Amino acid sequence: MSEYLSFWSYVHGLFVHHTRSSERYLKTRERPLRSAGGLQWCGEPKRLETEASTGQQLSSLNFSSPFDLNFPLPGEKGPACLVKVYEDWEGFKVNDVLELYGVLSVDPVLSILGNDERDASALLDPMECTDTAEEQRVHSPPASLVPRIHVILAQKLQHINPLLPACLNKEESRTFVSAFMSELSPVRAELLGFLTHALLGDSLAAEYLILHLISTVYTRRDVLPLGKFTVNLSGCPRNSTFTEHLYRIIQHLVPASFRLQMTIENMNHLKFIPHKDYTANRLVSGLLQLPNNTSLFIDETLLEQGQLDTPGVHNVTALSNLITWQKVDYDFSYHQMEFPCSINVLITSEGRSLLPADCQIHLQPQLIPPNMEEYTNSLLSAVLPSVLNKFRIYLTLLRFLDYSISDEITKAVEDDFVEMRKNDPQSITADDLHQLLVVARFLSLSAGQTTLSRERWLRAKQLESLRRNRLQQQKCVNGNEL
């Protein structure tokens with residue numbers, strides 16, 4: 001049985017899995033999503049009956065099968081798909097986000113792995129006769145477990161936010177962009193208020209969270225990724241559900257996210273780095289095999305004393321490399337291969353994080369809710385769905401705006417830097433200036449301005465001064481470095 005489908009997916013080596021997006025996020029699409037197991041797509045109402053029967057087949061799939069469905073994220077459920085691409089497949093890369101149109105096939109003939117059938121298939125593809133039994137098992141799993149999609153049309157997606165036009169660079173999208181930009185200021189103000197409540201009344205932390213959520217790697221200079229803005233939100237209470245509910249808030253705002261609970265057990269046992277299985281001749285997925293612009297929420301408040309073993313040390317190193325260089329080194333046993341990425345990393349911790357971060361902001365709650373779940377529920381219920389959709393459009397759209405600094409402002413920034421170092425050369429370093437420019441960049445974009453103004457530069461300096469003073473005060477209180 002086959003049916004023409006369209007759904008969001010991203011490539012993970014051999015298989016294509018559907019992108020893990022917030023279910024609550026997708027519920028607000030103008031056209032409703034229908035699901036079959038873990039797959040979600042848009043379709044016409046007249047195909048409902050046909051798709052329902054397909055959905056019954058797919059929804060019966062589970063992890064009781066001996067076949068490894070090669071999901072990258074722990075706890076991932078639902079079926080995987082084996083995608084058959086017949087042309088231009090060289091243009092697709094690992095972790096690319098694709099929209100596929102094709103024929104879904106669950107033909108049981110494809111699940112036969114006997115010798116006679118392999119001989120028969122070798123007549124169609126002589127190269128298949130050279131595969132080992134393990135390769136045959138992995139590359140040709142039962143079609144009832146791993147359906148095939150024979151691709152008719154495949155295209156890379158600029159983003160996976162269903163509330164925006166698929167391609168923001170096209171002429172027909174300019175009307176949508178310009179209309180939204182005209183109401184950007186009130187949207188930003190409402191979002192700031194919403195995140196301030198989510199962060200227990202801390203408006204400064206909310207400012208930095210907005211800058212973090214719209215950040216993206218826009219270019220690379222040698223090995224340095226420009227535009228990354230990893231934030232460490234310290235001061236989060238231990239033995240509290242605050243971080244869990246903060247992640248829940250972020251899930252409502254971004255289309256793709258994952259919360260990594262940084263415990264000793266997880267660090268020692270989870271597979272972070274994809275590696276090549278030469279016996280089966282496939283790439284085995286790892287947790288850090290994520291599509292660009294995924295929000296990775298690392299919860300360090302759960303970390304207890306314990307011993308990291310060798311895999312745990314390698315996992316911490318992989319996280320550090322992801323944060324610092326925005327790359328993941330895939331393990332091919334005899335060598336490592338770098339895969340660049342652009343992942344938004346937010347680290348929540350009690351003190352200063354063990355992981356590197358571009359910016360540390362210490363949380364100063366102005367209120368302590370007696371019940372965090374009730375508080376979060378009331379916060380979410382108070383926001384109109386239309387307003388929540390504006391927040392989602394805002395956070396996606398601003399990542400794609402062009403940005404520049406005029407020669408006049410560049411000269412003013414240089415003069416300002418020299419002036420700040422006159423009295424105390426140690427008061428600001430080149431790294432501090434770089435961070436100021438990053439903050440000024442995203443502060444400008446958050447206001448819909450595509451060039452740096454004197455006003456935004458002064459506001460960036462003010463925010464950084466407030467943040468540093470807060471850290472210094474906390475250091476004096478605790479008597480140690482945060």
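**Close-ups of a predicted model**

The structure holds 18 salt bridges. Keep in mind that this is a predicted model. The views below pick out some of those bridges, then turn to a helix, the nonpolar cores and two single residues.

**View 1. Arginine 259 and aspartate 299 pair up out of sight, both of them buried.** Their side chains meet in a salt bridge, with 2.7 Å from N to O. Arginine 259 belongs to strand 11 (residues 257-261) and aspartate 299 to strand 14, so this pair ties together parts that are 40 residues apart in sequence.

**View 2. Arginine 238 and glutamate 304 form a salt bridge between two loops.** The N to O distance here is 3.1 Å. This pair links distant parts of the chain, 66 residues apart. Look for arginine 238 in the loop between strand 10 (231-234) and helix 8, and for glutamate 304 in the loop between strand 14 (295-299) and helix 10 (310-325). Arginine 238 counts as partly exposed because its relative accessibility is 26%, and partly exposed covers what falls between under 20% and over 50%.

**View 3. Arginine 174 and glutamate 171 join in another salt bridge.** The side chains meet at 3.1 Å, N to O. Glutamate 171 has a relative accessibility of 53%, so it counts as exposed.

**View 4. Arg188, Glu207 and Arg459 make up a network.** What links these three residues is salt bridges.

**View 5. Helix 11 (residues 372-381) has a buried face.** Met372, Tyr375, Thr376, Leu379 and Leu380 are the buried residues here. Looking down the axis of helix 11, you'd find them within an arc of 125°, so they line one face of the helix. Helix 6 (184-198) and helix 8 (242-251) are among the parts that cover these buried residues. Glu374 and Ser381, on the other side of helix 11, are exposed. At the N-terminal end sits a cap, asparagine 371. One of its side-chain oxygens lies 3.0 Å from the backbone nitrogen of glutamate 373.

**View 6. The largest nonpolar core counts 70 residues.** Phe194, Leu195, Leu253 and Tyr394 touch the most other members, so they're handy places to start looking. Domain 1 (183-392) and domain 2 (402-481) each supply at least three residues to this core. Another core, of 24 residues, lies apart from it. Leu73, Phe258, Leu283 and Leu287 are among the residues of that second set.

**View 7. Asparagine 161 is tucked away in a loop, buried at a relative accessible area of 2%.** The loop in question runs between strand 7 (148-156) and helix 5 (174-181). Which partners does the side chain of asparagine 161 reach? One is the backbone oxygen of arginine 392, at 3.1 Å. Another is the side chain of threonine 396, joined through a polar contact of 2.8 Å.

**View 8. Alanine 133 is out in the open, in helix 4 (residues 133-139).** Is alanine 133 buried or exposed? Its relative accessibility is 58%, so it counts as exposed. Threonine 279 is 146 residues away along the chain, yet the C-alpha atoms of the two residues are separated by 9.5 Å.

Definitions and conventions. Residues numbered from 1 in each chain as written. Predicted model: local features only at pLDDT ≥ 70, side-chain atom pairs only at ≥ 80, totals over all residues. Heavy atoms only, no water. Helix = DSSP H or I, 4+ residues; strand = E, 2+ residues; numbered from the N terminus. Buried < 20%, exposed > 50% of the residue type's maximum accessible area, 1.4 Å probe, protein only. Polar contact = N/O pair within 3.5 Å; in protein donor to acceptor, adjacent residues only side chain to side chain. Core = buried A, V, L, I, M, F, W, Y, C linked by side-chain atoms within 4.5 Å. Domains from an automatic or database assignment. Arc of directions from axis to C-beta. Contact = heavy atoms within 4.5 Å. Salt bridge = Lys/Arg side-chain N within 4 Å of Asp/Glu carboxyl O.
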